[in-house]
Amino acid sequence: MKKNLVIVESPSKATTIEKYLGKDYKVVSSKGHICDLATSGKGGLGIDIENDFKPTYRVSKEKKDVVKELKSLAAKSDKVILASDPDREGEAIAWHLARELGLSTEDNNRVTFHEITKPVVLEAIQDPHKIDMDLVKSQETRRMLDRIIGFKLSKLLQNKIQSKSAGRVQSVALRLIVEREEEIRKFKSEEYWTIGAEVKKGNSTFHAELTKVDGKKPKLANKEQAEEILEKVQDQPFVVSSITNRKKSKAPKLPFTTSTLQQESSTKLGYGARKTMSIAQKLYEGVDLGGTTTGLITYMRTDSTRLSDLFVQETENYIESEYGSDYKGQAHKKNSENAQDAHEAIRPTSINYTPETVRPYLTNEQFRLYSMIYARTLASLMADAKFNVTSVKFLDNGCEFSASGQVLIFDGYSKVYSKYEKQTDTLLPVLKEGEQMNRVEIKGDQHFTEPPARYTEAKLIKELEEKSIGRPSTYASIIDTLQKRGYVTLDKVSETSKTKYFQPTDQGELTNQKLQEFFKKIINVEYTAEMEKDLDNIADGDEDYIQFLKTFYADFEPLVEKAYQDMPKKELERVGRTCPDCGGELVYRNGRFGKFISCINYPTCKYTENADDSLNELEKEEKICPECGNRMTIKKGRFGPFWACTGYPECKHIEPLKAKAKPEPTGEKCPECGHDLVRRVSRYGKSFVGCSNYPKCRYIQKAPKAKKEEEASETSTPTEQTTQES
């Protein structure tokens with residue numbers, strides 16, 4: 001008996017969905033995109049510019065076996081259902097699958113799952129629809145734009161200034177980082193003073209700030225001006241002039257979108273954008289809950305804050321049952337202008353999957369992220385928190401001081417979300433108008449204005465979203481690319497700081513400078529944001545994609561030609577030695593993994609060596625390849641330097657630079673899973689004790705603090721270590 005073939009993107013998702021659909025269905029995975037633009041044709045673009053931008057697609061080399069197997073399975077099936085992800089990229093994957101498998105785009109052979117739960121999957125499979133060709137055209141247009149801009153600008157920059165790449169969105173993100181750095185350099189700090197009063201009544205102490213002098217806002221630019229005010233108020237009565245009481249409500253935040261999840265995960269959990277999306281992907285695709293695999297969250301690539309009516313009703317009943325009717329709020333929805341509202345917000349698939357009930361089935365990282373998503377969604381449907389706010393003004397010889405305090409009178413949504421929000425009550429003692437305060441200490445404080453802060457990952461993501469640059473689903477790869485290309489670094493400003501900030505490198509600044517000099521019309525915030533609107537219009541069927549590409553290319557190509565003509569070549573930095581192979585000068589170059597030394601006569605002479613002197617000394621050891629007998633050399637890779645055979649590509653033997661220390665058993669058992677605990681050495685050279693069952697179990701034993709250290713940090717909280725380094 002023939003089965004119905006369902007094709008999804010992810011292998012783990014395939015397993016889950018097949019269990020839901022039963023014996024009449026076979027579910028397999030395409031493992032993502034199967035096709036991409038070819039690198040043939042004029043300029044290697046894979047696009048026939050002169051023939052209405054006709055693209056040429058090729059099945060990627062690593063996917064040929066996948067496609068071959070899919071064709072075989074499709075031929076044996078009654079029906080083929082395309083169930084790639086419910087977004088622009090997923091629609092394009094469905095279209096490529098249809099082309100390769102000979103399926104008609106006029107047939108109802110496309111289904112989408114916004115969450116991987118049995119009821120939703122069974123409902124969706126009964127309601128197939130046609131592939132949305134407008135959405136496909138939008139993705140195809142975006143891909144062609146990225147290919148044209150990326151290939152042409154990257155080739156130009158490699159030729160002129162040895163930069164590795166440029167991109168439609170990547171280069172605008174780089175511009176934001178460089179512009180912020182320029183603002184910081186130009187910033188001139190200015191001195192200013194504030195005057196505050198520490199007021200005591202009974203056992204209470206509170207702070208009041210000088211807000212007016214003779215009815216005007218004070219501007220104290222130096223110590224002399226501050227001392228003038230201090231002389232005026234010293235030894236004068238400090239009198240309560242007015243007391244105002246009011247009630248204040250604070251509404252919960254909206255449910256997570258892709259962007260806000262990445263931001264909150266960065267600031268609250270310390271997870272980068274790529275890590276956040278990787279964890280969320282697993283929660284979406286499904287987790288084995290003791291024999292039943294189910295998706296715990298809805299689709300994690302979304303701009304929408306909408307929640308389904310069914311989920312809202314289920315959650316409202318849950319809130320009333322668990323917390324009482326007073327805690328019931330209402331569903332809020334606020335989408336940005338360019339939000340794609342086809343999906344819901346990121347939410348739990350069921351409010352009954354509480355973090356504690358699913359904790360035994362999750363890794364620590366999955367649990368932390370799921371807990372935050374759960375709390376945020378639940379809180380968004382709860383009542384506002386309510387406060388009593390008191391504002392007090394004091395008079396002292398024509399100088400007005402202000403103090404305020406608030407008391408939480410109803411916790412509302414903060415009952416479940418307080419862990420992720422800073423909120424403290426500032427209490428004021430009971431005061432009366434006309435009351436004279438006797439225990440008051442007034443003093444001035446010197447300050448200096450500070451430059452704007454550099455971007456953290458969360459702030460850069462927020463800026464990109466607010467300016468409509470790219471899509472939130474691409475932010476992780478944009479941030480990764482900027483770092484891999486050596487254009488920016490993401491580092492702590494000090495050893496004690498936990499926060500990392502972006503800083504442009506010299507090469508990043510040079511790249512931005514040249515792009516702004518020759519491509520300012522294209523590489524800017526407004527143009528890129530307008531382009532996203534055009535792509536949305538194409539997706540909605542409201543704009544012709546060929547005409548859009550023609551208009552873009554007419555603007556872009558003359559700029560490329562002018563840049564080739566007018567952009568000067570960057571001179572290679574000389575090392576000051578000659579090549580031992582051919583006698584040419586040795587120069588510094590930038591490679592995939594950093595700076596290295598090579599012969600100026602490359603590619604005629606292919607001599608290279610490391611720019612790191614310590615590695616060059618190590619290389620003098622004359623290491624021989626055990627497989628082919630050739631000399632081995634030190635090369636740099638993604639994870640640092642390693643020994644590689646000079647006979648590559650015929651011989652691909654590699655070895656680590658240093659032998660890795662074997663885990664040392666401690667004789668103890670892991671308190672979480674029962675496996676042996678072992679002592680390891682991290683990549684930073686520090687010793688730690690962790691579970692031998694890593695990565696399935698990520699338990700790390702907290703190191704005992706020295707007595708003095710404990711005394712010095714009685715009020716501090718140890719940072720939770722969430723990943724085990726092997």
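**Close-up views of a predicted model**

**View A. E463 counts as buried, at 18% relative accessibility.** Here buried means under 20% relative accessible area, exposed over 50% and partly exposed in between (1.4 Å probe, protein chains only). K467 counts as partly exposed, since its relative accessibility is 31%. The side chains of K467 and E463 form a salt bridge, with N and O 3.6 Å apart. Elsewhere, E89, R142, D146, R168 and E532 are joined into one network by salt bridges that share partners. A salt bridge requires a side-chain nitrogen of Lys or Arg within 4 Å of a carboxyl oxygen of Asp or Glu. This is a predicted model, in which local features need pLDDT of at least 70 and side-chain atom pairs count only at pLDDT 80 or more, whereas totals for chains, interfaces and linings use all residues. Residues are numbered from 1 along each chain as its sequence is written, and side-chain values use heavy atoms, with hydrogens and water left out.

**View B. The overall setting of the close-ups is a protein of 726 residues, 46% of which count as buried.** The protein has 20 helices and 28 strands, assigned as DSSP runs (helices H or I, at least four residues; strands E, at least two) and numbered from the N terminus. Taken along the principal axes, the C-alpha atoms fill a box of roughly 90 × 75 × 70 Å. Of the contacts (heavy atoms within 4.5 Å) with a separation of 6 or more, 65% are between residues 24 or more positions apart. The protein exposes about 38,700 Å², and carbon and sulfur atoms supply 47% of this area. Accessible areas were computed by the Shrake-Rupley method with a 1.4 Å probe; for residues, only the protein chains shown count as cover. The protein has 115 positive and 112 negative charges, and the mean positions of the two sets are 4 Å apart. Lys and Arg count as positive and Asp and Glu as negative, while His and the chain ends are not counted; each charge is placed at NZ of Lys, CZ of Arg, CG of Asp or CD of Glu.

**View C. A salt bridge joins the side chains of E509 and R185, with an N to O distance of 2.4 Å.** E509 belongs to helix α16 (residues 506-519) and R185 to helix α6 (residues 170-186), so the pair ties together parts that are 324 residues apart in sequence. The two partners differ in burial: E509 counts as buried, at 17% relative accessibility, whereas R185 counts as exposed, at 52%. In total, the protein has 41 salt bridges by the rule applied here.

**View D. R274 and D480 meet through their side chains in a salt bridge of 2.1 Å, N to O.** This pair links distant parts of the chain, with R274 in helix α9 (residues 273-285) and D480 in helix α15 (residues 475-484), 206 residues apart. R274 is partly exposed, as its relative accessible area is 45%. D480, in contrast, counts as buried at 19% relative accessibility.

**View E. E316 is buried yet has no salt bridge.** E316 is located in helix α10 (residues 309-323). The nearest side chain of opposite charge belongs to K328, 5.0 Å away. Leaving aside residues up to four places away in sequence, E316 touches K328 and G329.

**View F. K492, K498, K500 and K686 form a positive surface patch.** Patch residues have over 30% relative accessible area and no salt bridge; like charges are joined within 9 Å, and nonpolar side chains (Val, Leu, Ile, Met, Phe, Trp, Tyr) within 5 Å. K686 lies in the loop between β27 (676-681) and β28 (687-691). With 62% relative accessibility, K686 counts as exposed.

**View G. V407, I409 and L427 make up a nonpolar patch on the surface.** Together, these three residues have about 260 Å² of accessible area. L427 is placed in the loop between α13 (414-417) and β15 (436-437). L427 counts as exposed because its relative accessibility is 57%.

**View H. I195 is buried, with a relative accessible area of 2%.** I195 forms part of strand β8 (residues 191-201). Not counting residues up to four places away in sequence, I195 touches E209, L210, L220, A226, I229, L230, F401, I442, K443 and G444. A221 is 26 residues from I195 along the chain, and the C-alpha atoms of the two are separated by 12 Å.
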